[in-house]
Amino acid sequence: MDNREKDFKKIDGRGQRSEESRGRILSSATRIFAEKGLDGARIDEIAEDAGINKRMLYHYYGSKEDLYVEVLRYNYEKIYTLSKNAFNLGDDPKENVTRAVRAYFYFLAQNEDFVRLTSWEALNRGRFAKKVIPQFFDLVELEFVDIIKNGIKRNFIRPDTDIRQVIVSVQALCLAYFNRREIVQPLWQEDLLSEEMLEVRLQHILALIFDGIFSHKEE
């Protein structure tokens, strides 16, 4: 092995460790910010939980606020990836919508920390989320435009459908089930997070969406 190859392996190894460190930081920060909010979380606690030197954490992200914004971006990227992978213009529009909504709904079901983060942001008037959400909202809208246009062309979807309203409605219908769960749960005998109840809720959401945007004269 020549010196250049050794140097490359050293650099590559540092890069891999750097990515692993970033991943641990984002994972720890997501959990702690979700539990305590931006104001209640402490950088020392996040660094200790991630097994990272506090100075290195500041080196990566600059400040607690910058780290918080990166945590939001990190989680919204996951949602966008799930939604993007759900679309296939060759499929029935209902199948595309169903896959996209199902992916988002079960992401929320499996990521309680993200649900809590959105609640914190709502309490703080979206102070930091507004730095992240618009770019992902636009990307998701572009994906929905293709689906809606394809559905309209094939007489599945009403031509007057407002795509942005649909996106907001889907978000509200799904998110409310999880961020209001602890308030609603005492009123239900069933476990709202059971496999059966999750599927019941999802089918209810899909029925409302289909009734709202799909033509009753489907071919």
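This report walks through the helices, two helix pairs and a few single residues of a predicted model.

**Ground rules**

Local features are described where pLDDT is at least 70 and side-chain atom pairs at pLDDT 80 or more, while totals for chains, interfaces and linings use all residues. Residues are numbered from 1 along each chain as its sequence is written, and side-chain values use heavy atoms, with hydrogens and water left out.

**The overall picture**

The protein chain has 10 helices and 0 strands; here helices (H or I, at least four residues) and strands (E, at least two) are DSSP runs, numbered from the N terminus. Of its 219 residues, 41% are buried, where buried means under 20% relative accessible area, exposed over 50%, and partly exposed in between (1.4 Å probe, protein chains only). Contact means heavy atoms within 4.5 Å. Among contacts between residues at least 6 apart in sequence, 72% join residues at least 24 apart.

The unreviewed UniProt entry places a "DNA-binding region" at residues 42-61. UniProt positions are given in the numbering used here, feature names are shortened, and such annotations may be inferred rather than shown by experiment. Over residues 42-61 the chain is 80% helix and 0% strand, with the end C-alpha atoms 14 Å apart.

**Helix H8 and two of its partners**

Let us turn to H8 (residues 163-179). Its axis and that of H5 (residues 93-110) come within 9 Å and cross at roughly 25°, so H5 is roughly parallel to H8. Val 101, Tyr 104, Phe 105, Leu 108 and Ala 109 of H5 make the contact, together with H8 residues including Val 170, Gln 171 and Cys 174. The residues of this contact divide into 10 nonpolar, 1 polar and no charged.

The axes of H8 and H10 (residues 195-213) come within 11 Å and cross at roughly 160°, which means that H8 is roughly antiparallel to H10. On the H8 side, Val 166, Val 170, Leu 173, Cys 174, Tyr 177 and Phe 178 take part, and among the H10 residues are Met 197, Arg 201 and Ile 213. By class, the contact has 12 nonpolar, no polar and 1 charged residues.

A few conventions apply to these pairs. Axes are lines fitted to C-alpha atoms, for helices over the stretch in contact, and angles run from 0 to 180 degrees between N-to-C directions. Angles under 35 degrees count as roughly parallel, over 145 as roughly antiparallel, 65 to 115 as roughly perpendicular and the rest as oblique. Ala, Val, Leu, Ile, Met, Phe, Trp, Tyr, Cys and Pro count as nonpolar, Asp, Glu, Lys and Arg as charged, and the others, Gly among them, as polar.

**Single residues to look up**

| Residue | Place | Relative accessible area |
|---|---|---|
| Phe 33 | helix H1 (residues 3-40) | 0%, buried |
| Asn 150 | helix H7 (residues 133-153) | 17%, buried |
| Asn 155 | loop between H7 and H8 | 37%, partly exposed |
| Arg 125 | loop between H6 (112-123) and H7 | 80%, exposed |

Not counting residues up to four places away in sequence, Phe 33 touches residues including Ile 46, Tyr 68, Leu 117 and Trp 120. Phe 33 and Asp 113 are 80 residues apart in sequence, with their C-alpha atoms 8.4 Å apart in space. With that sequence limit, Asn 150 touches Leu 89, Asp 91 and Pro 93.

The two loop residues are worth a look for their backbone. Arg 125 has a positive phi of about 60° although it is not a glycine. Asn 155, not a glycine either, has a positive phi of about 65°.
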